[in-house]
Each structure stands twice: as C-alpha cells, then as structure tokens.
Amino acid sequence: MSLSPAIRTAIAQAAANHGGPKAAMLEALKLVQEAEGWVSDAHLKEAAEALGVTTAEIDSLATFYSQIFRSPVGDTVILLCDGLSCYLCGGDAVRDAVMSKLGIGFGETTADGKFTLINICCVGGCDRAPVALVGPERKLVGPLTPDDLDALIDGKAVGGTP
Amino acid sequence: MSDKPLTGRARADRQPHSLAAWRGLGGGAGLALALKRHSPEAIIALIEAAGLRGRGGAGFPTANKWRFMRAGAERAGPGPRYLCVNGDETEPGSFKDRLLMEALPHQLIEGATIAAYAMGATEVIILVRDEYRAAAAALSRAIVEAEQLGLLGRDILGSGFDLTMRVHASAGRYIVGEETALIAALEGERPIPRHRPPYPAVSGLWGRPTTVNNVETLSAVPSIVEHGAEWYQGLSHTNEGGTKLYGVSGCVARPQLIEAPMGTTARELFELCGGIREGRALFAFQPGGGATAFLEAADLDVPLDFAHTKKAGSSLGTGAVIVLDDHACPVAAIGRHMRFYARESCGLCTPCRDGLPWVAKLLDTIEAGHGTRADIDLLHTHVQLSGPSGRSYCDLNTGALTPLRSGLERFGDIFAAHLQGSCPVGRA
Ligand code: SF4
Ligand code: FES
C-alpha cells in the first residue's frame with residue numbers, strides 16, 4: 001500500500017517548516033510511522049521520493065534513531081525502563097513479570113500482534129520508578145509492581161500525577 | 001517573590017497553564033521588562049551578576065556563552081542565528097526538564113525569548129526527545145498562544161524584536177543531547193558529534209551562529225530579569241547563584257524532584273525524601289547523574305554546587321542524585337549504567353563502540369561471580385585508556401567510564417569479593 005495523499009502533503013509541508021527536504025527526513029519518517037505503525041522498505045522509498053532525497057540518506061536516519069521502527073511492531077508498544085534508578089526500585093522483577101505475562105523478551109512482539117516490548121533508559125520518570133511508557137501517547141506509568149501488571153497490559157494504565 | 005523561581009508556579013497536577021492563567025500568576029513580567037527597559041548587553045550583565053551557569057551538566061557560565069554568540073553573530077553578518085533549546089534528557093536518573101516542559105511551557109518560552117533577544121538570535125528551535133510527547137504537545141500549544149498574543153513573531157511587544165519559535169520532536173538516542181550532535185540532528189544529518197572548533201557560536205546550525213542552552217537554564221531567566229541578580233544570587237547557599245532542580249531517585253523513601261537553593265547538601269535532600277528507605281543505610285550516591293563519580297556517607301554535607309562537588313571528587317552534572325543503599329551491589333549498579341552507555345554509543349570511535357559493550361560484559365561476568373583477577377585488570381585498562389585525554393571524539397565514553405573508575409577506586413574490595421563468588425552488599 002502506498003502512502004496517502006494526506007501524508008504526502010504533510011511531508012511536503014515538513015520540508016517547508018524544517019528548513020528543507022534533508023532536515024525534514026526524520027519528520028517524514030515519523031509521519032509514516034504514525035500512519036502505518038512502522039516504516040517498511042516500500043514506504044521509506046516513497047518518503048524519500050516525496051522529499052527528493054535518496055533512500056540511503058533517509059535510511060541512515062531511520063536506522064540510527066531508536067524510536068523509528070524498521071520492522072513491524074504490535075498495536076501497543078511498551079517501552080520499559082531498564083535504567084539504574086528503575087533497577088534500584090525493583091525494575092528487574094517487573095521486567096521478568098512483564099516478560100512472563102506476555103511470553104516475549106525485549107525487542108519481540110506477542111503472537112497475537114498486540115504488544116511489543118522494548119527496553120529503554122531513562123524515560124524521565126525516576127521519581128516513580130520502575131516505570132514504562134505505553135502506547136502512542138507514550139504515557140508514563142509507574143511505580144509498577146510485578147503483582148500489578150494487569151492494568152498495564154489491559155491498556156488501562158494511565159499516567160497520573162506523582 | 002517565590003524562593004522557587006523554577007517550579008513555584010507549577011500546577012499540582014502538572015498540567016500546563018494556559019497563557020492567560022500563566023499571566024494571571026505574574027508570568028510574562030520578565031519578558032516585558034527585558035524588551036522595554038534593558039539593552040541586550042544589560043541582560044547579559046544581569047545574567048552574569050546572577051551567577052547563572054548552564055544546567056545541562058557542564059556548568060559553563062551562561063553570560064559568557066551568550067557573549068560568544070553576540071560576537072559570532074557580528075562576525076557572521078546578516079542572516080539567521082539560532083538558539084537551540086536542549087530538551088533531550090536521557091541520562092539515567094534525570095527527570096528535571098520533563099516537569100519544566102510539561103507543566104511550565106510558557107516559562108521556558110519566555111526565558112528562551114529573553115535569551116534570544118540578549119544573544120541576538122532570530123529563531124528558536126526546542127528539541128524535545130520523542131518519549132516526552134506531553135511536553136512537546138504542551139510547548140507546541142504554548143507557542144501558538146504566544147504568537148496569537150504578539151509575544152512571538154514580528155515586533156514583539158512593540159519592541160522591534162522579531163523571533164520565530166518551533167518544536168522539533170526527536171526520535172530516541174541519548175547522543176542527540178550532545179551539543180554538536182543536536183545541531184547535526186536539526187540539519188537532518190545523522191546525529192553524531194562534530195569537531196569543535198569551529199564552535200557553534202561561530203558556525204553552528206547550517207553554518208550560522210548558534211547557541212545550545214538547557215531547558216532548566218532558560219527557565220531560570222524570566223525571574224532573574226524580573227527580580228534582579230542580587231535576589232537570584234541570594235537564593236543560593238553558596239556563591240553559585242540561584243536554585244537547582246535536584247532529582248533524587250533510587251533507594252530513598254520518596255524519590256522526588258526538589259527545587260532547592262544551589263549548594264543544598266545530600267543530607268538535606270535525603271531528609272526531604274524521607275531518608276534512606278525501610279531502615280536501610282546509605283551506601284553511596286552519584287550526585288549528578290549516571291556519568292558522575294560516587295560519593296559516600298562522609299560526603300553527605302558537601303554543598304551540591306559545581307565547585308564543591310568537584311572538590312569532593314565528583315561533579316554536579318545535571319543534579320540527578322542517584323542513591324544506593326546497603327543492599328545495592330555497586331558492581332550491578334555500574335553494570336546497569338554501562339549497558340546504557342554501550343547501547344547509546346553513536347559508534348564513531350572504537351574505544352566507545354567496542355570498548356563499552358566489552359566492559360558491560362566483563363561486569364556481568366563479575367557480578368555473576370564468574371570473574372577473574374584478569375577481568376578486573378582489564379577493567380582498569382579500559383578506564384586508563386578512556387581518560388579525558390582525547391582518545392574518544394566526545395565525552396560520552398569518558399563519562400560512561402567515570403562511575404567504573406570511581407567504583408574501582410572506592411569499592412575495590414567489593415569487586416574483589418565477587419571473584420570469590422559472593423557479594424558482600426547484596427542485591428537491590
Ligand atoms: S565517544 Fe562514543 S558517542 Fe562520542 S563520538 Fe565516540 S563513539 Fe560516538
Ligand atoms: S531510570 Fe528508569 S525512569 Fe529514570
């Protein structure tokens with residue numbers, strides 16, 4: 001499937017707003033990812049064409065930035081913090097519990113395509129450690145405990161005030 | 001006059017104020033004063049007298065940075081000049097800028113506008129890490145509000161000063177927060193560090209004069225202009241001006257963000273956090289984030305400012321205080337940091353790209369009780385080869401090995417005990 005006209009327009013606009021096609025490459029990748037969930041080879045090529053840059057140029061960014069996904073991810077991406085502050089507050093136990101509950105490791109997606117689990121550090125929620133960022137809004141959830149992951153997995157978890 | 005100029009006006013629920021609400025709280029006064037009463041030079045002198053130093057980690061005097069920019073702009077002649085706001089905090093333990101961007105976007109915009117006026121910038125770009133979506137949204141909304149009210153754009157408040165501002169959302173990678181990598185990122189290049197000189201003030205974004213300032217630094221600016229240098233200096237416990245956002249995390253009862261006088265001691269901060277958790281004892285702490293050396297109980301009364309922390313053998317860094325109690329194995333803790341830095345190496349130079357994963361692996365082996373004397377010797381070698389002597393291109397590698405260097409020095413006996421298969425400290 002090719003990119004929608006709306007995304008092509010948005011990519012063209014990004015070039016105007018960011019100071020040229022090259023500087024808009026990351027924005028273009030993000031627009032594609034927002035619409036498709038991830039950045040496939042075909043869409044990468046289309047985005048490059050829309051901007052008038054080479055696929056190699058845009059892929060050199062796509063493969064550098066950790067939050068640009070070059071392979072499919074699940075409906076909900078869980079970014080679980082593995083930084084020191086989270087570790088000191090019981091992060092390993094939470095990590096093990098999430099992994100056994102979902103049956104996947106870091107960088108993997110559940111068989112039903114619902115969840116992708118990725119490790120990341122630090123997500124700026126050390127005062128609520130251990131924490132994760134969940135879903136397209138990158139909602140901060142924590143402090144997480146191994147016994148209390150249902151809300152996180154059910155997608156009900158909400159980031160509130162500390 | 002609040003004694004918490006950075007966070008005093010944040011809402012309890014951390015939701016951003018509308019511009020109207022912000023002005024209702026007295027916001028905007030600093031900008032009005034700056035544009036109507038002060039010349040750019042006068043503002044720089046005020047910032048110098050206030051003793052404001054960069055809060056991104058290096059602690060460079062802010063006024064000097066702005067002066068370099070003015071000089072660079074003069075030399076470069078007409079054309080765009082950039083102020084880049086560094087809103088990419090990814091250092092383990094750091095969570096201070098998140099609050100300033102999410103809850104107080106108008107304060108940051110005001111500070112950036114005053115700074116741009118003082119240093120002669122024509123465009124502000126706020127780079128926000130991808131994971132802070134609420135912050136990017138709050139800032140984008142706040143910029144639109146400010147434009148509508150004539151606080152951004154052409155002829156701001158009738159002063160003749162023009163300024164545009166926009167948010168650039170990043171997409172992960174710690175290295176983007178490095179000054180020159182941030183500039184490369186905005187140009188659409190791979191965000192890897194560049195050589196200095198030329199310094200960004202001379203040739204930065206698209207070859208034009210550019211200054212990169214931290215979010216916390218700029219957020220302090222409006223109240224300094226409003227209340228004066230003497231007032232700001234007076235907030236501090238030492239001769240380094242103002243307040244500091246300390247983010248205390250790890251093994252304290254209530255980890256939290258604390259705005260306190262510059263030079264507040266760790267003892268005072270830990271008390272505010274309800275002490276070390278569950279009747280445990282302090283083992284050690286890093287005063288300024290993952291890349292700073294450990295301090296111990298004997299250092300509890302060191303005033304945490306740039307000079308005193310340095311004298312104690314560490315550094316203030318970002319003020320992200322990470323606390324280890326007597327159940328937290330330092331070998332495991334350092335290993336955590338090392339895995340982070342290894343993952344985040346940009347890959348440009350060998351000691352960093354290949355050395356850090358090696359060090360991380362060695363630490364895992366030692367932590368698991370399978371290490372040998374030779375492994376510890378290797379760690380020492382890595383530390384020696386990665387000193388701040390220019391073997392790596394940027395500071396990431398040196399910074400990454402700082403906790404290891406410090407850990408080997410201070411806790412050598414604990415590393416040695418692991419060779420016998422036991423950890424005398426235990427696990428977190
Ligand atoms: S020290 Fe590391 S992060 Fe810095 S330039 Fe070298 S490889 Fe890149
Ligand atoms: S270390 Fe996990 S949020 Fe900071």
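The largest cavity in this predicted model holds about 80 Å³ of space, and the structure as a whole contains 2 cavities of 30 Å³ or more. Rolling a probe the size of a water molecule over the atoms shows where empty space is left. A reader who wishes to find the largest cavity can begin in chain B, where Cys346(B), Cys349(B), Cys352(B), Cys394(B) and Leu396(B) are the residues nearest its centre, out of 13 that line it. Sorted by class, that lining consists of 9 nonpolar and 4 polar residues, with no charged residues among them.

The second largest cavity, with a volume of about 30 Å³, has a lining made up of Cys81(A), Asp82(A), Gly91(A), Asp92(A), Arg95(A), Phe106(A) and Arg336(B). Helix α6 of chain A, which covers residues 91-102, provides the largest share of this lining, namely 3 residues. Which classes of residue make up the lining of the second largest cavity? The lining divides into 4 charged residues, 2 nonpolar residues and 1 polar residue, whereas the lining of the largest cavity has no charged residues.

From the cavities the reader may turn to the backbone, beginning with its cis peptide bonds. In chain A, a bond of this kind joins Cys121(A) and Cys122(A), with an omega of about -15°, and Cys122(A) has its place in the loop that runs between strand β3 (115-120) and strand β4 (132-134). In chain B, a cis peptide bond links Arg196(B) to Pro197(B), and here omega is about 0°. Pro197(B) belongs to the loop between helix α8 (179-187) and strand β4 (210-214) of chain B.

Chain B also contains residues that have a positive phi without being glycine. One of them is Arg14(B), whose phi is about 65°, and Arg14(B) is found in the segment that comes before helix α1 (19-24) of chain B. Is Arg14(B) buried or exposed? Its relative accessible area is 17%, and because buried means under 20%, Arg14(B) counts as buried.

Asp155(B) is another residue other than glycine with a positive phi, in this case near 50°, and Asp155(B) lies in the loop between helix α7 (133-148) and strand β3 (164-169) of chain B. With a relative accessibility of 39%, Asp155(B) counts as partly exposed, whereas Arg14(B) is buried.

Technical notes: Residues are numbered from 1 along each chain as its sequence is written. Chains are lettered from A and ligands numbered from 1 in the order in which they are written. This is a predicted model: local features need pLDDT of at least 70, side-chain atom pairs count only at pLDDT 80 or more; totals for chains, interfaces and linings use all residues. Side-chain values use heavy atoms; hydrogens and water are left out. Helices (H or I, at least four residues) and strands (E, at least two) are DSSP runs, numbered from the N terminus. Buried means under 20% relative accessible area, exposed over 50%, partly exposed in between (1.4 Å probe, protein chains only). On a 1 Å grid over the protein atoms alone, a cavity is a set of points where a 1.4 Å probe fits but cannot get out, and a pocket is an open set with protein on both sides within 12 Å along at least five of seven lines; lining residues have an atom within 4 Å of a point. Grid points are joined across faces, edges and corners, and a volume is the space filled by probe spheres set on the points. Ala, Val, Leu, Ile, Met, Phe, Trp, Tyr, Cys and Pro count as nonpolar, Asp, Glu, Lys and Arg as charged, and the others, Gly among them, as polar.
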